Amino acid sequence: IVAREWHRENTVIDIRGVPLGGNQIQVISGPCSVETQEQMDESARFVKEAGCRLMRGGAFKPRTSPYTFQGRGVEGLAMFRKAADKYGLPIVTELMDVRMLDTFLEYDVDVIQIGTRNMQNFDLLKEVGRINKPVILKRGMAATISEWLMAAEYIAAGGNHNIIFCERGIRTYETAYRNVLDVTAVPVLKKETHLPVIIDPSHAGGKAWMVPALARAAIAAGADGLLVESHPRPCEAWCDADQALSPEELKSLMGELKGIANVL
Ligand code: PEP
Ligand code: MN
């Protein structure tokens, strides 16, 4: 179903009126994690002011250590919804546990993110395949392109064809940056599938200063959008502080992108 042979034209996914996969580039931005109502209100304001039309934020966080901050949970979803609604921004947030799906629907989450660690959580994929919410399927950090396509097929097979692929960097021998952004995945996926492809330069590089270069490379390679972490005060972020753009940096990235692509 996800194959280009099945559907020749590019699929444009409508996210509460925001098109993803057409000739406009969409930049989804916001903090790694939902922290407080104030932080989310501030974030929604600067994300909107920068010109982004979609907002991200994690309420449930897949942390390497069980002893670090795990996310604000349902309370976080409520804070996110409230802040984003004030600025008319559809929300993107990660679902880790199938038992939370009904809660996500209750809060009317606009785009469900499946993280790199769950790309092959087939039961989770089957469940999001049964609803009609758009799904961002991040690439497993050690997944091949064909494994990634098959993971998407699990969602599509259940009837949900609103799938967005997100390359977020893969694991290699390199240690100078968090992951290696596989830009090659963009043209390859655009050839193999009719679905939108976006890039997450934040988790790929792992450092804020790397984000603009990786973002430009993604757009030049043909990506349909970006998922960029930002925070009102990056150095105070509870999670992924090193890679968060400040409001000013996000604004300047948006300006740069407008010079090379049809952003907005
Ligand atoms: C995230 O987007 O905050 C995240 C946890 O991403 P990934 O699944 O790519 O690590
Ligand atoms: Mn993060």
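The dialogue below walks through a barrel, one helix and a ligand shell.

Biologist: What should I know before reading this model?

Modeller: This is a predicted model: local features need pLDDT of at least 70, side-chain atom pairs count only at pLDDT 80 or more, and totals for chains, interfaces and linings use all residues. Residues are numbered from 1 along each chain as its sequence is written, while chains are lettered from A and ligands numbered from 1 in the order in which they are written.

Biologist: Which strands form the closed barrel?

Modeller: Strands are DSSP E runs of at least two residues, helices H or I runs of at least four, numbered from the N terminus. Two strands pair if DSSP finds at least two bridges between them. Here eight strands close a barrel, β3-β4-β5-β6-β7-β8-β9-β10, with parallel pairing. The twist averages 25° from one strand to the next. Between β7 and β8 there are four bridges, and K138 stands opposite C166 in β8.

Biologist: How does α5 run relative to β8?

Modeller: Angles run from 0 to 180 degrees between N-to-C directions, with axes fitted to C-alpha atoms, for helices over the stretch in contact. Contact means C-beta atoms, placed from the backbone, within 7 Å. α5 lies across β7 and β8, at about 155° to β8. Its buried residues also pack against α4 and α6. Just after α5, G159 takes a positive phi of about 115°.

Biologist: Which residues surround ligand 1?

Modeller: A residue is near a molecule if its C-beta atom, placed from the backbone, lies within 6 Å of it. Ligand 1 has C32, G58, P62, G115, T116, K138, R168, D200 and H203 around it. K138, noted above opposite C166, is one of this shell.

Definitions and conventions
Two residues are in contact if their C-beta atoms, placed from the backbone, lie within 7 Å.
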